[in-house]
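Biologist: I'm new to this one, so could you walk me through it? I'll ask, you answer.

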Amino acid sequence: MDKYTLLNGVRIPVIGFGTWQTPGDKTGTDAVVTALQAGYRHIDTAQGYRNEQMVGEALKISGVRREEVFITSKLDNPMHGYDNTMSSFEETLKKLDTDYVDLFLIHWPNPLQYRSSWQRTNAETWKAFEELYEAGKIKAIGISNFRQHHIDELMKSAKIPPMVNQIRLCPGETQRELVKYCRQRDMLLEAYSPLGTGRIFTVEQMKALSVKYNKTIAQICIRWSLQNGWLPLPKSVTAARIRENLDVFDFELSKDDADLIAGLTGCVGLSMDPDKTNW
Ligand SMILES: NC(=O)c1ccc[n+]([C@@H]2O[C@H](COP(=O)([O-])OP(=O)(O)OC[C@H]3O[C@@H](n4cnc5c(N)ncnc54)[C@H](OP(=O)(O)O)[C@@H]3O)[C@@H](O)[C@H]2O)c1
């Protein structure tokens, strides 16, 4: 699979396998093993998904070597701050049964628990990220759900800039200003919920495009994400869909059709304001 190159030279496969809501049991293991056997080489997990251990086990079962797979995890909301980051990152390594993570992200910029002090807390968290990065335990560091003001605040004390921002990017949600801002800072955009968490499949315009291109709606979404220069993270626990979602390299959407998809504002809902979430 093709790769993007991050700010620090680290190479990252252009499609990642999403695992939010993928259970930590055999259903999950089967899904991740199927994905690895189908050719995915990039798995997106998080402390908050409670399935890091399953991902580690699936990697072993698959027989694919650790060095061949790009693994992302994310810091859980209650674990912000320097000491919490350090201790919970060690837990992540144990659960994944590895001695490094390819990419580690601050999952949310402003958890409820730290709402009165998110600026200082993120600065302390990022210091821990930088130390783990410099120690070689994390190959690339980044953020998720950060908006411009969160990034600006982080950059006041950061020595190393974030290399990735993972945000909700899907049909009808292109976050143009934020994407432009991240690009100016050489951050790669990872597109979470590229299928609108499964809500895209009833959208009439997408059904018409599926007929026109003779590709499934999921394939059109993933292709569109790639054509935007983003890194889509489709999730599935269904073997045929897992394979289907990788078969996106033999067609190209026209500019008009790409614009049409971008313009389906709100067709699968819009992202939450990270300063107002209740977690
Ligand atoms: N950083 C964050 O805050 C954040 C937030 C949300 C998501 N993410 C990441 O982004 C990933 C993807 O987002 P998401 O989980 O919201 O969902 P998604 O990938 O947009 O959609 C997944 C849903 O679509 C279904 N599906 C997948 N492929 C399909 C296909 N080819 N045909 C028909 N249905 C299909 C899946 O069903 P089955 O599984 O039943 O097959 C599931 O219900 C997450 O798993 C996670 O890794 C990150």
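Biologist: Which residues point one way from E9, and which the other way?

Modeller: Keep in mind that this is a predicted model. Leu188, Glu190 and Tyr192 share one direction. On the other side of E9 are Leu189 and Ala191.

Biologist: Why is strand E9 largely enclosed by the rest of the structure?

Modeller: Strand E9 covers residues 188-192. Buried here means under 20% relative accessible area. Strand E9 is largely enclosed because the residues that are buried number five of the five.

Biologist: Which strand pairs with E9 over five bridges, and what is the bridge partner of Arg168?

Modeller: Strand E8, residues 164-168, pairs with E9 in the parallel sense over five bridges. To get from E8 to E9 the chain passes through helix H6 (residues 176-184), in a right-handed β-α-β crossover. As for Arg168, its bridge partner in E9 is Tyr192.

Biologist: What is the bridge partner of Ala191 in E10?

Modeller: Strand E10 is made of residues 231-232, and two bridges join it to E9, with the strands running parallel. In E10, Ala191 has as its bridge partner Pro232.

Biologist: Zooming out, which are the edge strands of the sheet?

Modeller: Eight strands form an open sheet with parallel pairing, in the order E3-E4-E5-E6-E7-E8-E9-E10. An edge strand here pairs on one side only. That applies to E3 (17-18) and E10.

Biologist: Which residue of E4 does Phe17 stand opposite?

Modeller: E3 and E4 run parallel, joined by two bridges. Opposite Phe17, in E4, stands Ile43.

Biologist: Now the ligand: how much of its accessible area does the protein cover?

Modeller: There are 29 residues around the ligand, and those that come nearest are Asp44, Ser193, Thr197, Ser236 and Thr238. Polar side-chain atoms of Asn145 and Lys235 lie 2.9 Å and 2.8 Å from an oxygen atom of the ligand, while a polar backbone atom of Gly198 is 3.3 Å from a ligand oxygen. On its own, the ligand has 910 Å² of accessible area, and the share covered by the protein is 89%.

Biologist: Last one: which residue just after H2 takes a positive phi?

Modeller: Helix H2 spans residues 52-62, and its buried residues include Met54, Val55 and Leu59. The buried residues of H2 pack against helix H1 (26-38), strand E4 (42-44), strand E5 (70-75) and helix H3 (82-96). Just after H2, the residue with a positive phi, about 80°, is Gly63.

Definitions and conventions. Residues numbered from 1 in each chain as written. Predicted model: local features only at pLDDT ≥ 70, side-chain atom pairs only at ≥ 80, totals over all residues. Heavy atoms only, no water. Buried < 20%, exposed > 50% of the residue type's maximum accessible area, 1.4 Å probe, protein only. Helix = DSSP H or I, 4+ residues; strand = E, 2+ residues; numbered from the N terminus. Pairing = 2+ DSSP bridges. Right-handed = clockwise from strand over helix to strand, strands pointing away. Near = heavy atom within 4 Å. Polar contact = N/O pair within 3.5 Å; in protein donor to acceptor, adjacent residues only side chain to side chain. Areas by Shrake-Rupley, 256 points an atom, 1.4 Å probe, with all protein chains shown as cover. Contact = heavy atoms within 4.5 Å.
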